[in-house]
Amino acid sequence: MNYRTNKVVSSAPAKVILFGEHFVVYSNPAIVAAINKRISVQAQVNDKSRINIKSGENSLSVPVISKEELITANDNSLLFLHPIFKCVKHILSEKDLLSVGINLDIDSQIPYGEGLGSSAASCVSTVAALYSLFSNRDRNLIYETARIMEQNIHTNSSGIDCYVSTFGGIVNFEPNKGFSNIRPKKKFTLLVGTTGVKHSTGEVVSEVRQFRQRNSSIFKDLSIKAHVVCKRAMNSIYEGNEMELGNMLTENHKLLSRLGVSHPKIEKLIENCLDNGALGAKLTGAGKGGAIIALIPNDISKEILTRISRGSGKWMLVEFDYDGVVFG
Ligand code: PMV
């Protein structure tokens, strides 16, 4: 099999869940968008038959033929880099190229473990970089492989993070129908705030399952309301109606709070946003920590960011990303 010997760079975007998290697990729709924060992966073949992965201060270097359980590296490396190692190994086996080594250099603008899709973006960009070395740039194939790889990290994942990271844009996901794109009539600016509290999606999802078992009629009521919010939100994106979109974000957040997945730090960040001119705000992702999003009027986004940044939390202004995965 032929491969390129020069360096290639691929990147893939983070995501935010705009509407519908948790309820989507029980067949409700969700709206998810790629945002302009990326993970970049630089890849090159080496002749040492080793997989060398570097990401900031974390690194991992192992012979390609290593069995997974033999891998040793500093602790953080294992947490961050092990899924990426698995991606590399999977693709080398798939191409029957286990005699070839790979150097990967990873650069991330996405906070890890805060519900912004860093795992999916790292899988998508790694798969894209490697496929690029082997001259294959088919996005559908990248999505399929990255989705399987991401399931090593999040079992039972719907695949929506990898889909959005691969194809970009704003996507409506209906568990029984699949994905469809939503084209907004105007540009929207979002503020993403992170609490610094890492969450485990799996644990929060099982807490919600228990809530649903104990409170089935309350859950049903919340779920119906979340469905209505999602549909109204979709129309307001199509129509470019930012007031309505902001209101829907806040409405969705109230439903998630009643589900028990908020956190005092999330509430504090949301209050800060709403007091300082945001049109609406909600937690994004599994909750119990992680990140929040707020819709900000485009023309005064910088002023609002300055005001909000005086409070706690880490903040970044983001726009939707329509490129998805990019090949170097
Ligand atoms: O925090 P995240 O980005 O892993 O979001 C999880 C979204 C859930 O709806 C809570 C779970 C799921 O699989 O859809």
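Me: What N to O distance separates the side chains of K198 and E114 in their salt bridge?
Reply: The model is predicted: local features need pLDDT of at least 70, side-chain atom pairs count only at pLDDT 80 or more, and totals for chains, interfaces and linings use all residues. Residues are numbered from 1 along each chain as its sequence is written, and side-chain values use heavy atoms, with hydrogens and water left out. A salt bridge requires a side-chain nitrogen of Lys or Arg within 4 Å of a carboxyl oxygen of Asp or Glu. For K198 and E114, the N to O distance is 3.8 Å.

Me: How many residues apart in sequence are the parts that the K198 and E114 pair ties together?
Reply: K198 and E114 meet through their side chains in a salt bridge. K198 belongs to the loop between β8 (189-194) and α5 (201-214), and E114 to the loop between β5 (101-108) and α2, so the pair ties together parts whose separation in sequence is 84 residues. Helices (H or I, at least four residues) and strands (E, at least two) are DSSP runs, numbered from the N terminus. The separation asked for is therefore 84 residues.

Me: Which residue of the K198 and E114 pair counts as buried?
Reply: Buried means under 20% relative accessible area, exposed over 50%, and partly exposed in between, with a 1.4 Å probe and protein chains only. K198 has 53% relative accessibility and therefore counts as exposed. With a relative accessible area of 4%, the buried residue is E114.

Me: How many residues separate R38 and D321, which meet in a salt bridge?
Reply: The side chains of R38 and D321 form a salt bridge with an N to O distance of 2.7 Å. This pair links distant parts of the chain, with R38 in strand β2 (residues 30-46) and D321 in the loop between β11 (314-319) and β12 (326-327). R38 is buried at a relative accessible area of 14%, and D321 is buried at 6%. The separation between R38 and D321 is 283 residues.

Me: Which helix holds both K225 and D221?
Reply: K225 and D221 form a salt bridge in which the closest N and O atoms are 3.0 Å apart. K225 counts as partly exposed at 37% relative accessibility, as does D221 at 31%. The two residues are four residues apart, about one turn of the helix, and both lie in α6 (residues 216-239).

Me: Why does the end-to-end distance of helix α2 agree with its length in residues, and what is that distance?
Reply: The expected span of a helix is 1.5 Å times one less than its number of residues. Helix α2 (residues 118-133) has 16 residues, so its expected span is 22 Å. The end C-alpha atoms of α2 agree with this expectation, being separated by 23 Å.

Me: Which polar side chain comes to 2.8 Å from an oxygen atom of the ligand?
Reply: A polar contact is a pair of N or O atoms within 3.5 Å; within protein, one must be able to donate a hydrogen and the other to accept it, and residues adjacent in sequence count only if both atoms are side-chain atoms. An N or O atom in the side chain of H199 is 3.2 Å from a ligand oxygen, and a backbone N or O atom of A286 is 2.9 Å from one. The side chain at 2.8 Å is that of T201.

Me: How many charged residues does the shell around the ligand have?
Reply: A residue is near a molecule or strand if one of its heavy atoms lies within 4 Å of it, and the residues around the ligand include K15, E21, H199 and T201. Ala, Val, Leu, Ile, Met, Phe, Trp, Tyr, Cys and Pro count as nonpolar, Asp, Glu, Lys and Arg as charged, and the others, Gly among them, as polar. The shell has five nonpolar and five polar residues, and the number of charged residues is two.

Me: Which residue in the loop between α1 and β5 has a phi near 60 degrees?
Reply: Most residues other than glycine have a negative phi. The residue in question has a positive phi near 60 degrees and is not a glycine. At 70% relative accessibility it counts as exposed. The residue in this loop is D96.
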